[in-house]
Amino acid sequence: MKCRECDKHLVVQRRCRQVRLQCTGCRKEFRIHEIAADLDPETEAELERFTCIIYD
Ligand SMILES: [Zn+2]
C-alpha cells in the first residue's frame, strides 16, 4: 500500500513484539491501527503472518 504522505510503498517492519509499516520514501512509520482503514488485501495478507503479535 502507499504512504499517505509521499505515495511511496509501505513495507511491513517487525520490531520485537510490534509491527509497523514503514515508508520506503520518507521513512515514516505507521502503527497498524493508524492505517487500518486504508489497508489493502496485499498488505493484510502480509500482516496475517504476524498474528501472534499484538497490534498496539
Ligand atoms: Zn512516505
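The legends below describe close-up views of a predicted model.

**View 1. Zinc ion and its protein donors.** Four cysteine sulfur atoms serve as protein donors of the zinc ion: SG of Cys3, Cys6, Cys23 and Cys26. These atoms lie 2.3 to 2.4 Å from the zinc ion. The site is tetrahedral, with angles of 95 to 118° among the four donor atoms. Along the sequence, the donor residues follow the spacing C-x2-C-x16-C-x2-C.

**View 2. Accessibility of Cys3 and Cys6.** Both residues are donors of the zinc ion. Cys3 has a relative accessibility of 3% and therefore counts as buried, the cut-off for that class being under 20%. Cys6, at 29% relative accessibility, counts as partly exposed, because that class covers values between the 20% and 50% limits.

**View 3. Backbone at Asp7.** Asp7 sits in the segment before strand S1 (10-15). Its phi is near 70°, a positive value in a residue other than glycine.

**View 4. Backbone at Arg27.** The loop between strand S2 (18-23) and strand S3 (29-31) contains Arg27. Phi of Arg27 is also positive, near 65°, and this residue is likewise not glycine.

**View 5. Confidence along the chain.** The average pLDDT of the chain is 87, and 89% of the residues score at least 70. Confidence is lowest in S1, with a mean of 89, and highest in S3, with a mean of 94.

How values were computed: Residues numbered from 1 in each chain as written. Predicted model: local features only at pLDDT ≥ 70, side-chain atom pairs only at ≥ 80, totals over all residues. Heavy atoms only, no water. Donors = N, O, S within 2.8 Å, 3.2 Å for Na, K, Ca; no water. Tetrahedral: all angles 85-135°; square planar, octahedral: opposite > 155°, others 65-115°. Buried < 20%, exposed > 50% of the residue type's maximum accessible area, 1.4 Å probe, protein only. Helix = DSSP H or I, 4+ residues; strand = E, 2+ residues; numbered from the N terminus. pLDDT = per-residue confidence, 0-100.
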